[in-house]
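Biologist: Please choose one part of this model and take me through it closely, explaining each term as it comes up. I would like to see how the pieces of that part fit together, and how far the prediction can be trusted.

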Amino acid sequence: MSMKKKKGRSTGVLIVLVTVAVVVIGLLVIRGHKQKDVPKSGFATSETISQTEPLGKFADFSMNEAQIVYDGSTITERPTTEEVDPALPASTTPGQSDTTTAPTAPTTADPTATVTKTTAAAATTAVSTTAGNGSAEYAYAYAGFDPKPANTNVDWNLLLVNRNYILPENYAPDLSEAVKGSGVRMDSRVSPHYQAMYDAAKKDGITLTPLSGHRRISTQKTNFENKINKYVNQGYSRPEATRMAAKIILPPGTSEHNAGLAMDIISLDVDFEETAAFRWLQEHAQDYGFILRYPKNKESITEITYEPWHWRYVGVPAAKAIKQSGQTLEEYLGAV
Ligand code: ZN
């Protein structure tokens, strides 16, 4: 074998190797891009959301909060059409909230004891009609979503609404302003408690600005559908588009804001954790019946990332028990 031949052969081998390397690298790059664009599963973790869109520090919020629509550049918060409904009664119904402050309620987390301690009056309030979901298939079942109807036969303040337990489509609690003059509303049985907490904080020099309270299911549905259509128009299949939308907007009926039982306070920012208001809430919220609903390190249970701004009303005894035990509402209710 001559030197020339040998050299020619090794050059040929080198060319083949380089070509293979280029093809492999090319395939890897393409694959990487594909993985970035297509979410792997139905629901997001903060990890997957950061792969799909550059959401920055609003990532967690926009992923979980139905009302926030983030298009990559602008954040639309609480659309002006949402809470404007002159037909809704403005008055509260005092007395309805009495059941939550009953001194007989348990001081430790005992889910069965708590849930069965339901009064007939409490069980029927706020549910305007029969459950809309019943045995019917969920509107987004085609995308793999299969939530059960929320159990509305419990104390209203212990109503569990999450990705797995959905409100009836026609769920429409009586609403009133959480803080007089704020224009932000909650279930009218909760508002007096928020007002009381607000007033108490004020005396300590803290303002618990109510930013976002009740949100209508219909509004959320519209936002959700718009988001789906946006992705469909980009070429994704409807099931794919729906799963992607669900990472940014909670599917209609699965947000506590739809129930009017939760308030986002002051800031839609994880930095809220650093505020005096947050420290005040950590110390006192349970005395007014509110809990930090999506704590740190509980994402595996709540399926929602840490939200220091989101406070849920559960009533004083439950709030104190939950605070003391460090449980989530899911754990407290034995619904894990
Ligand atoms: Zn919230």
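Modeller: Helices and strands here are DSSP runs numbered from the N terminus, where a helix is a run of H or I of at least four residues and a strand is a run of E of at least two. This is a predicted model, in which local features need pLDDT of at least 70 and side-chain atom pairs count only at pLDDT 80 or more, while totals for chains, interfaces and linings use all residues. Residues are numbered from 1 along each chain as its sequence is written.

By that definition the chain has 13 helices and 10 strands. The predictor's confidence in each residue is its pLDDT, on a scale from 0 to 100; the chain averages 72, and 60% of the residues score at least 70. Over residues 32-135 the pLDDT stays under 50, and where pLDDT is low, the predicted coordinates should not be read in detail. I will therefore leave that stretch aside and look closely at one sheet and what packs around it.

The sheet is open and has 4 strands in the order β7-β8-β10-β9, with antiparallel pairing, where two strands pair if DSSP finds at least two bridges between them. The edges are held by β7 (210-212) and β9, and because each has a single partner strand, one side of each is left without a neighbour in the sheet. From one strand to the next the twist averages 45°, an angle taken between the N-to-C directions of lines fitted to C-alpha atoms (for helices, over the stretch in contact), on a range from 0 to 180 degrees.

Moving across the sheet, β7 is joined to β8 by 2 bridges, with S212 opposite D264 in β8. Next, 3 bridges join β8 to β10, where A262 stands opposite R312. A further 3 bridges join β9 to β10, and here I291 stands opposite R312. Strand β8 is covered on both faces, with A262 and D264 buried on one side and M263 and I265 buried on the other. A residue is called buried if 20 or more other C-beta atoms lie within 10 Å of its own, exposed if 12 or fewer do, and partly exposed in between, with the C-beta atoms placed from the backbone.

Helix α10 is one of the elements beside this sheet, since its buried residues pack against β8 and β10. In α10, A277, F278 and L281 are buried, and because these buried residues fall within an arc of 100° seen down the helix axis, they line one face of the helix; the arc is that of the directions from the helix axis to the C-beta atoms. An α-helix has 3.6 residues a turn, so residues three or four places apart point the same way. On the other side of α10, A276, R279 and E283 are exposed. L281 counts as buried because it has 25 C-beta neighbours inside 10 Å, and its C-alpha atom is separated by 8.9 Å from that of W311, 30 residues apart along the chain.

W311 has a central place in the largest nonpolar core, a core being a set of buried Ala, Val, Leu, Ile, Met, Phe, Trp, Tyr and Cys residues joined through C-beta atoms within 7 Å. Of the 48 residues in this core, I291 and W311 touch the most other members. Among the elements giving two or more residues to it are β8 (262-265), α10 (276-284), β9 (290-292) and β10 (310-313), while α12 gives the most, with 5 residues. Leaving aside neighbours within four places in sequence, W311 is in contact (C-beta atoms, placed from the backbone, within 7 Å) with residues including A262, M263, L281, I291 and R293.

R293 lies in the loop between β9 and α11 (299-302), yet it counts as buried because it has 22 C-beta neighbours inside 10 Å. Beyond four places in sequence, its contacts include E256, A262, W311 and L329. N297 lies in that loop between β9 and α11 too, but it counts as exposed because it has 8 C-beta neighbours inside 10 Å. Its phi is near 65°, a positive value in a residue other than glycine, whereas most residues other than glycine have a negative phi.

Methods: Two residues are in contact if their C-beta atoms, placed from the backbone, lie within 7 Å.
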